[in-house]
Amino acid sequence: EAVKGTFAIEWQLACILAKEPYDEYLKASPGGLPNIDLTELLNMSPNLPWIRMFDQIETLCLRSHFSCLNIDTLHSAGKIINTNTPFYLAQVSKMIEETDPKLWISYFRTHLLRHWSPVLSSSFFEQHVKTARAITGMKSAPPRWKKCTKATMNALPAETNFAFQRHFVVKKNLNAASALLNNVQQSFMRNLERVDWLDNQTRAAALSKAEKNKTSRWRTEMVISYQL
């Protein structure tokens, strides 16, 4: 029953996503859907735990020495949340209310076990390898050091990135990488200014979005962009 319930939810989620009216979005707003504020997000999908999620993001940001927007800022910052799938979010919110909680428990348990199976006991890991063989054609299990490295990087992405930077990336290369990213950014924005297939309103919106996306990938502080 648990397996059937998990597949049922997977199927429903896939069907909802397939019905997202992207063509209508493109006609109504060629430059992308307009941003919304936190209140609009909560009204769109009231059964999704947005407040708790943003609180947890802030906690993880601080723990990883990042800076990101907190709930108070989100409430007062206006329309800064970008979502490409409003229909999906609204329907999933409705689905949460209408679906038996036991099915959701089976669904999330399945995904939790799938995520952690490489680092659990041998019976879980053997099933993980068996599934990987069937889906990807993997012929043998990876060596233990690769499994441990991947698990550490997945669990501590920021910390492992900083460790790699400290031990293997010299200041000269950091500066070169930063300059390269900046050149790509500037080239992209110059191209937006010149292309003739954008109207003025869409061009202005695209330039504004590109300007906001300027982020140094080598700093220990960064701002989370809430794109849902």
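## An all-helix model, from fold to side chains

Of the 228 residues in the protein chain, buried residues make up 25%. Keep in mind that this is a predicted model. The chain has twelve helices and zero strands, so from the N terminus on the string of elements reads simply α-α-α-α-α-α-α-α-α-α-α-α. On the surface side, the protein chain exposes about 16,400 Å², and carbon and sulfur atoms supply 58% of that. As for contacts, take those with a separation of 6 or more: 70% of them come from residues 24 or more positions apart.

### Pairs across the sequence

Here are four C-alpha pairs, with sequence separation set against distance in space.

| Pair | Separation in sequence | C-alpha to C-alpha distance |
|---|---|---|
| Gly 5 and Ser 106 | 101 residues | 6.9 Å |
| Ala 77 and Leu 38 | 39 residues | 8.9 Å |
| Lys 150 and Pro 118 | 32 residues | 9.5 Å |
| Arg 190 and Leu 207 | 17 residues | 9.2 Å |

A bit of context for these rows. Gly 5 sits in helix α1, which covers residues 2-18, and is buried at a relative accessible area of 5%. Ala 77 belongs to the loop between α5 and α6 and is partly exposed, with 37% relative accessibility. Lys 150 is part of helix α9 (residues 144-155), and its 58% relative accessibility makes it exposed. Arg 190 is found in helix α11, residues 171-194, and counts as partly exposed at 42%.

### Salt bridge

How many salt bridges does a search of the whole structure find? Just one salt bridge turns up. The partners are Lys 79 and Glu 40, and their closest N and O atoms are 2.9 Å apart. Lys 79 lies in the loop between α5 (71-76) and α6 (86-98), while Glu 40 is in helix α3 (residues 38-44), so the bridge ties together parts that are 39 residues apart in sequence. Is Glu 40 buried or partly exposed? Glu 40 is partly exposed, with a relative accessible area of 31%. Lys 79 is also partly exposed, at 49% relative accessibility. That loop between α5 and α6 is also the place of Ala 77, whose C-alpha atom is separated by 8.9 Å from that of Leu 38.

### Cysteines

The disulfide count comes to zero. A disulfide is a covalent bond between the sulfur atoms of two cysteines, and to be counted here the two sulfur atoms would have to lie within 2.5 Å. Cysteines in the chain include Cys 15, which is partly exposed at 26% relative accessibility, and Cys 148, which is partly exposed with a relative accessible area of 35%.

### Aromatic rings

Now for the rings. The structure holds six aromatic pairs. One of them joins Trp 104 and Tyr 107: the ring centres are 5.8 Å apart and the planes stand at 85 degrees, so this pair is edge-to-face. Trp 104 and Tyr 107 are three residues apart in helix α7 (residues 101-116), which puts about one helical turn between them. Both Trp 104 and Tyr 107 are buried. For Trp 104, the relative accessibility is 10%, which counts as buried because the cut-off is under 20%.

Trp 104 has another partner in Phe 108. Which geometry do Trp 104 and Phe 108 form? Their aromatic pair is stacked, at 5.8 Å centre to centre with 25 degrees between the planes. The angle settles the label, because planes under 30 degrees apart count as stacked and those over 60 as edge-to-face. Trp 104 and Phe 108 are four residues apart in helix α7, again about one turn of the helix. Taken together, ring pairs link Trp 104, Tyr 107 and Phe 108 into a cluster.

One charge-over-ring contact is worth a look as well. Lys 147 lies over the face of Phe 125, 4.1 Å from the ring centre.

Definitions and conventions: Residues are numbered from 1 along each chain as its sequence is written. This is a predicted model: local features need pLDDT of at least 70, side-chain atom pairs count only at pLDDT 80 or more; totals for chains, interfaces and linings use all residues. Side-chain values use heavy atoms; hydrogens and water are left out. A salt bridge is a side-chain nitrogen of Lys or Arg within 4 Å of a carboxyl oxygen of Asp or Glu. Helices (H or I, at least four residues) and strands (E, at least two) are DSSP runs, numbered from the N terminus. Buried means under 20% relative accessible area, exposed over 50%, partly exposed in between (1.4 Å probe, protein chains only). Rings of Phe, Tyr and Trp (its six-membered ring) pair if their centres lie within 6.5 Å; planes under 30 degrees apart count as stacked, over 60 as edge-to-face and the rest as tilted. A charge sits over a ring if NZ of Lys or CZ of Arg is within 6 Å of the ring centre and within 35 degrees of the ring normal. Contact means heavy atoms within 4.5 Å. Accessible areas come from the Shrake-Rupley method with a 1.4 Å probe; for residues, only the protein chains shown count as cover.
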